[in-house]
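Colleague: I should like to go through this structure with you, beginning with how its helices pack. Could you show it to me?

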Amino acid sequence: MKRRVVITGMGVVSPIGNSIDELWYSLQHNVCGIAPITKFDTSDFRAKLAGEVKDLDMEQYFTKRDLKFNDRFTQFARIAAKQAFDDSGLANTTFDHERFGVMLGSGIGGIETIAQASTTIDTRGPSRVSPYFIPMSLINLAAGCVAIDVQAKGNVSSVVTACAASTNAIGEAFHKIRDGYEDIVLTGGSEASITPLAVAGFASMRALHEGDDPKRASIPFDADRSGFVMGEGAGIFILEELEHALKRKAKIYGEIIGYGTTCDAYHMTAPLSDGSSAAKAMQQAMQDANITPSEIDYINAHGTSTPLNDAGETCAVKLAFKDDWQHPYVSSTKSMSGHLLGASGALEAIISTLAVQNDYVPATLNYKQLDPACDLNLVVNEGKQVRIHIAMSNSLGFGGHNASILIKKWED
């Protein structure tokens with residue numbers, strides 16, 4: 001028998017809030033976290049805007065010494081994980097740590113550490129490369145360090161599927177619990193790629209918005225969209241088997257009920273323009289949950305603000321939802337946060353959970369120009385208070401990766 005999986009803890013580090021309360025405030029008050037890059041001089045860069053994490057007091061969670069030998073993406077993961085673990089109440093509970101796993105996604109991992117080590121070997125020689133270079137740069141070390149922090153001794157692993165990574169991680173964690181392999185999984189994703197190398201690389205692909213007006217930068221589904229704006233941060237869930245959670249009287253935010261994932265098998269970076277493979281991921285999630293399209297009230301779209309993605313995702317929703325394609329409200333919160341790459345799905349799954357819990361659809365900010373190719377039931381500029389029973393969160397990634405998860409309102 002398939003087991004039910006609920007959300008019992010959440011934590012976040014993001015451009016629009018470094019706690020769940022701060023994030024919720026930003027969603028309700030249309031806070032945009034996009035601004036000029038402060039981490040490095042952008043004088044010679046085409047892209048000058050990003051969604052940077054701001055005002056993060058790391059020593060509220062760990063000492064400087066604890067975090068010294070972590071890349072920034074691991075620091076974010078550990079902080080958000082500590083929030084989620086504390087939020088869940090598991091620290092005050094006796095449970096089987098060998099049935100407690102960690103599954104985290106990241107698209108790039110320790111790129112800042114890699115760039116710094118490259119500079120060191122070029123300027124100071126190989127003997128001066130830090131002995132911590134390898135463990136700081138590896139993607140799996142975020143999951144490994146978090147596992148040490150929370151003493152998770154079950155399946156600890158990493159998912160690396162570009163911008164779909166953390167949605168894939170959450171979906172796989174959901175299946176691990178549902179199918180009986182784990183009782184608890186700490187899952188989500190982390191990314192910290194606002195670095196000269198990463199920004200230059202994405203800009204050379206013509207993937208990034210190159211203007212200097214934050215209010216017309218990340219504008220998903222708008223006819224004037226011209227590229228995504230990079231963000232950074234981490235989003236973490238504690239997923240738990242329902243009876244396990246009820247037995248310890250845990251608070252429950254929502255229930256994960258479905259997951260689908262496919263691959264375009266088409267192009268390294270461009271999505272299929274007809275959206276057919278992304279549509280199949282959405283349909284798989286609905287089949288997994290045994291629901292119909294008409295039961296989904298809100299879609300948190302991948303919505304990157306690139307010309308190809310937003311039009312293709314519109315086609316995908318129409319294919320997946322058929323006659324019901326105009327029923328679900330749709331928004332892209334990347335208009336507020338920017339695109340957190342491999343961590344985007346985790347942040348957006350948290351936002352979707354808050355939307356379901358509070359019956360509130362956050363807006364797609366700074367929308368002005370209608371694009372006939374993006375004619376979904378968009379919620380723009382102002383959020384909407386409406387009944388939301390089930391939300392879908394979509395993520396699409398380079399390599400043709402597509403992932404969708406479904407989150408249902410918890411009703412005791």
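Modeller: Here, contact means heavy atoms within 4.5 Å. Please keep in mind that this is a predicted model.

Colleague: Which residues of helix α8 are buried?

Modeller: In helix α8, residues 196–204, the buried residues are A198, V199, F202 and A203. Seen down the axis of α8, they fall within an arc of 130°, so they line one face of the helix.

Colleague: And what do the buried residues of α8 pack against?

Modeller: They pack against α4, which covers 111–124.

Colleague: What follows α8?

Modeller: R206 follows α8, and its phi is positive, near 65°.

Colleague: Let us change topic. How many disulfides are found?

Modeller: A search of the whole structure gives 0 disulfides.

Colleague: Why is C315 not bonded to C374?

Modeller: A disulfide requires the two sulfur atoms to be within 2.5 Å. The closest cysteine sulfur to that of C315 is in C374, 8.5 Å away, and this is too far for a bond.

Colleague: Are C315 and C374 buried or exposed?

Modeller: C315 counts as partly exposed because its relative accessibility is 31%. C374 has 1% relative accessibility and therefore counts as buried.

Colleague: Back to helices: at what angle do α7 and α13 pack?

Modeller: Helix α7 (residues 165–178) packs with helix α13 (residues 344–358) at about 60°, and their axes are 5 Å apart. The two helices are therefore oblique to each other.

Colleague: Which residues make that contact?

Modeller: S166, T167 and I170 contribute from α7, and S344, G345, A346 and A349 from α13. By class, the contact has 3 nonpolar, 4 polar and no charged residues.

Terms used:
Residues numbered from 1 in each chain as written. Predicted model: local features only at pLDDT ≥ 70, side-chain atom pairs only at ≥ 80, totals over all residues. Heavy atoms only, no water. Buried < 20%, exposed > 50% of the residue type's maximum accessible area, 1.4 Å probe, protein only. Helix = DSSP H or I, 4+ residues; strand = E, 2+ residues; numbered from the N terminus. Arc of directions from axis to C-beta. Axes fitted to C-alpha atoms, helices over the stretch in contact; angles between N-to-C directions. Parallel < 35°, antiparallel > 145°, perpendicular 65-115°, else oblique. Nonpolar A, V, L, I, M, F, W, Y, C, P; charged D, E, K, R; others polar.
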